[in-house]
Amino acid sequence: MCQFPVVDFTCYLIPIELHYFICVKGYLGFSGSVFTGIFCVHCNSNISSNLRDILEHCRLCSFMQRTDVLKHKYVCYACSYATYYNGNMKNHIRIHLGDRPFICKLCNYTATRKTHLNVHMRNHEKKLNGIF
Ligand SMILES: [Zn+2]
Ligand SMILES: [Zn+2]
Ligand SMILES: [Zn+2]
């Protein structure tokens with residue numbers, strides 16, 4: 001059902017959650033084969049690629065779930081990561097903006113390609129299955 005196959009060039013440029021968002025929800029901000037900007041997966045709006053603007057958005061976006069006022073002071077525009085410290089969020093955002101934008105939700109692993117993260121996630125599943 002995903003319109004962008006895993007091997008598609010376009011997918012390498014997009015954080016995994018955003019890829020899901022675009023493919024499953026048919027997000028309109030995606031034009032043609034090149035990803036043209038930074039979009040908040042929570043409120044569906046365009047953010048400037050300026051780190052400070054992104055950080056502002058992480059703090060102010062009202063569509064982000066902030067169940068814990070302290071921990072969710074900053075919520076990542078592209079995934080469910082949240083932190084109280086703006087320095088932590090800056091580092092986190094850099095991962096999305098850098099060449100390893102795919103981030104494992106369970107550990108610190110980052111990947112250049114979605115396929116690599118998929119393989120990595122399978123390892124987590126195997127470990128979990130080994131325990132239970
Ligand atoms: Zn937002
Ligand atoms: Zn994130
Ligand atoms: Zn991991």
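**Exercise 1. Which residues of α2 are buried?** Work this out on the predicted model, then describe how the helix is placed.

*Solution.*
Step 1. Start with the burial test: a residue is buried if 20 or more other C-beta atoms lie within 10 Å of its own. In α2, Ile54, His57 and Cys58 are buried.

Step 2. Now look down the axis of α2. Its buried residues fall within an arc of 100°, so they line one face of the helix. A handy reminder: an α-helix has 3.6 residues a turn, so residues three or four places apart point the same way.

Step 3. Turn to the other side of α2, where Arg52, Asp53 and Leu60 are exposed.

Step 4. Finally, find the cover. The buried residues of α2 are covered by elements including β1, β2 (46–47), β3 and α3.

**Exercise 2. Find the largest nonpolar core and say where it lies.**

*Solution.*
Step 1. Count its members: the largest nonpolar core has 20 residues. Cys58, Val75, Cys76 and Tyr77 have the most contacts inside it.

Step 2. Ask which elements feed it. At least two residues each come from β1 (38–39), α2 (51–60), β3 (74–75), α3 (86–97) and β5 (102–103).

Step 3. Compare with the domain bounds. Residues of this core come from both domain 1 (8–99) and domain 2 (100–131), so the core lies between them.

Step 4. Zoom in on one member. Leaving out residues up to four places away in sequence, valine 75 touches Cys58, Met64, Arg66 and Ala82.

**Exercise 3. Classify two loop residues, proline 101 and cysteine 61, as buried, partly exposed or exposed.**

*Solution.*
Step 1. Proline 101 sits in the loop between α3 and β5. It has 24 C-beta neighbours inside 10 Å, so proline 101 counts as buried. In space, its C-alpha is 7.9 Å from that of arginine 113, which is twelve residues away in sequence.

Step 2. Cysteine 61 sits in the loop between α2 and β3. Because it has 17 C-beta neighbours inside 10 Å, cysteine 61 counts as partly exposed.

Step 3. Add the surroundings of cysteine 61. Its contacts, not counting residues up to four places away in sequence, are Cys40, His42 and Cys43. The C-alpha atoms of cysteine 61 and serine 45 are 9.7 Å apart, with their positions 16 residues apart in sequence.

**Exercise 4. Lay out the chain and relate it to its annotation.**

*Solution.*
Step 1. Tally the secondary structure: there are four helices and six strands. Along the sequence they run α-β-β-α-β-β-α-β-β-α.

Step 2. Bring in the record. An unreviewed UniProt entry annotates residues 74–101 and 102–129 as "domain: C2H2-type".

Step 3. Describe each span. Residues 74–101 are 43% helix and 14% strand, with end C-alpha atoms 18 Å apart. For residues 102–129 the figures are 57% helix and 14% strand, with the ends 23 Å apart.

**Exercise 5. Decide which parts of the model to read with care.**

*Solution.*
Step 1. Take the overall score: the chain averages a pLDDT of 78, and 71% of the residues score at least 70.

Step 2. Rank the elements. Mean pLDDT is highest for β3 (97) and lowest for helix α1 (residues 16–25), at 52.

Step 3. Mark the weak stretches. pLDDT stays under 50 over residues 1–12 and also over residues 23–35. Where pLDDT is low, the predicted coordinates should not be read in detail.

Conventions:
Residues numbered from 1 in each chain as written. Chains lettered and ligands numbered in written order. Predicted model: local features only at pLDDT ≥ 70, side-chain atom pairs only at ≥ 80, totals over all residues. Core = buried A, V, L, I, M, F, W, Y, C linked by C-beta atoms within 7 Å. Buried ≥ 20, exposed ≤ 12 C-beta atoms within 10 Å, placed from the backbone. Domains from an automatic or database assignment. Contact = placed C-beta atoms within 7 Å. UniProt positions renumbered as here; feature names shortened; annotations may be inferred. Arc of directions from axis to C-beta. pLDDT = per-residue confidence, 0-100.
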